Amino acid sequence: MALFNPTFSFKPCNLFSNGPQRCRYVQSVRNFTLRATVSVEAPSSSTTDTGGAPKLLLEVKDLSAVITESKQSILKGVNLTMFEGEVHVVMGKNGSGKSTFAKVLVGHPDYEITGGSIIYKGQDLLEMAPEERALAGLFMSFQSPVEIPGVSNIDFLNMAYNARRRKLGLPELGPIEFYGYVAPKLELVNMKIDFLNRNVNEGFSGGEKKRNEILQLAVLGADLSILDEIDSGLDVDALRDVAKAVNGLQTPKNSVLMITHYLRLLEFIKPTYIHIMENGRIVKTGDISIAEILEREGYKSISGT
């Protein structure tokens with residue numbers, strides 16, 4: 001199965017300089033965007049209960065992983081449990097394994113699982129291809145979103161949205177109908193209409209790229225949104241807009257896993273739990289007070305190292 005809608009005219013492999021394996025990964029992740037619309041068009045499989053306590057969404061047990069090529073160990077026994085409606089934040093020093101953990105969840109080929117398990121909505125996530133994980137409702141926002149020359153935002157989003165409608169046996173939306181759907185989403189992330197005519201991420205500032213990632217999430221939906229340093233490079237106004245959009249997309253049935261270094265993001269997006277990662281493991285879990293201690297005293301106050 002082709003990872004891209006065949007109507008796309010660009011060649012995604014030309015966007016990257018580190019080989020065909022990364023190209024395949026980016027194709028898969030952009031395929032996430034083409035397919036991760038479960039919560040937009042149809043009820044998620046996680047919404048079948050009749051109320052009561054939130055359902056278990058993600059359970060990670062003793063997860064270990066190495067870099068595929070070098071076999072260097074990165075994750076060394078990660079444990080994490082998430083329920084519907086929760087916001088989890090992972091913090092830690094550079095090189096602690098935060099981004100690797102996020103990439104492993106979405107199926108990055110540069111990492112090899114060497115132990116442990118990931119159960120997502122009752123399914124073995126490790127048995128699922130990246131595109132299958134997208135169909136199950138995973139979405140990942142990149143630290144550094146890639147540019148897609150020659151493809152406008154409106155065309156990209158319209159094709160992505162219609163790809164899911166075809167999958168569900170629904171009629172596609174034409175340009176006018178889709179505009180009616182996407183316009184309120186632009187307001188959510190404080191974007192102007194002419195933003196839709198620009199090529200995807202081409203010539204965008206850091207803040208525009210992050211807004212564009214959240215716009216994709218708003219249009220396509222997800223049960224589990226993985227946001228890797230969405231606050232990186234943002235001024236306070238852009239941070240406020242992005243955080244407001246993320247908050248506006250929250251429901252009792254979906255969850256967010258965020259990676260950040262800074263307390264300032266958590267002043268806008270309130271976490272349910274904060275996890276401190278160190279040397280490939282989660283070594284401490286608590287509430288926002290952990291981030292406040294880190295802001296004042298650094299990681300030594302938390303880990304003792």
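A search of the whole structure, a predicted model, finds 1 aromatic pair (ring centres of Phe, Tyr or the six-membered ring of Trp within 6.5 Å; planes under 30 degrees apart are stacked, over 60 edge-to-face, the rest tilted). The ring centres of F178 and Y181 lie 6.2 Å apart with the planes at 40°, so this pair is tilted. Both F178 and Y181 are buried (under 20% relative accessible area, 1.4 Å probe, protein chains only). They sit 3 residues apart in helix α6 (residues 175-188), separated by about one helical turn; helices here are DSSP runs of H or I, at least four residues, numbered from the N terminus.

F178 also appears in the largest nonpolar core, where F178, M91, V219 and M258 have the most contacts among 50 residues. Such a core joins buried Ala, Val, Leu, Ile, Met, Phe, Trp, Tyr and Cys residues through side-chain atoms within 4.5 Å. Helix α8 supplies the largest share of this core, 6 residues. A second, separate core holds 30 residues, including V60 and Y111.

Helix α8 (residues 236-249) also meets helix α7 (residues 206-220): their axes come within 10 Å and cross at roughly 10° (lines fitted to C-alpha atoms over the stretch in contact, angles from 0 to 180 degrees between N-to-C directions). The two helices are therefore roughly parallel, the word for angles under 35 degrees.

Residues are numbered from 1 along each chain as its sequence is written. Local features need pLDDT of at least 70 and side-chain atom pairs pLDDT 80 or more, while totals for chains, interfaces and linings use all residues, and side-chain values use heavy atoms, without hydrogens and water.

Definitions and conventions:
Parallel < 35°, antiparallel > 145°, perpendicular 65-115°, else oblique.
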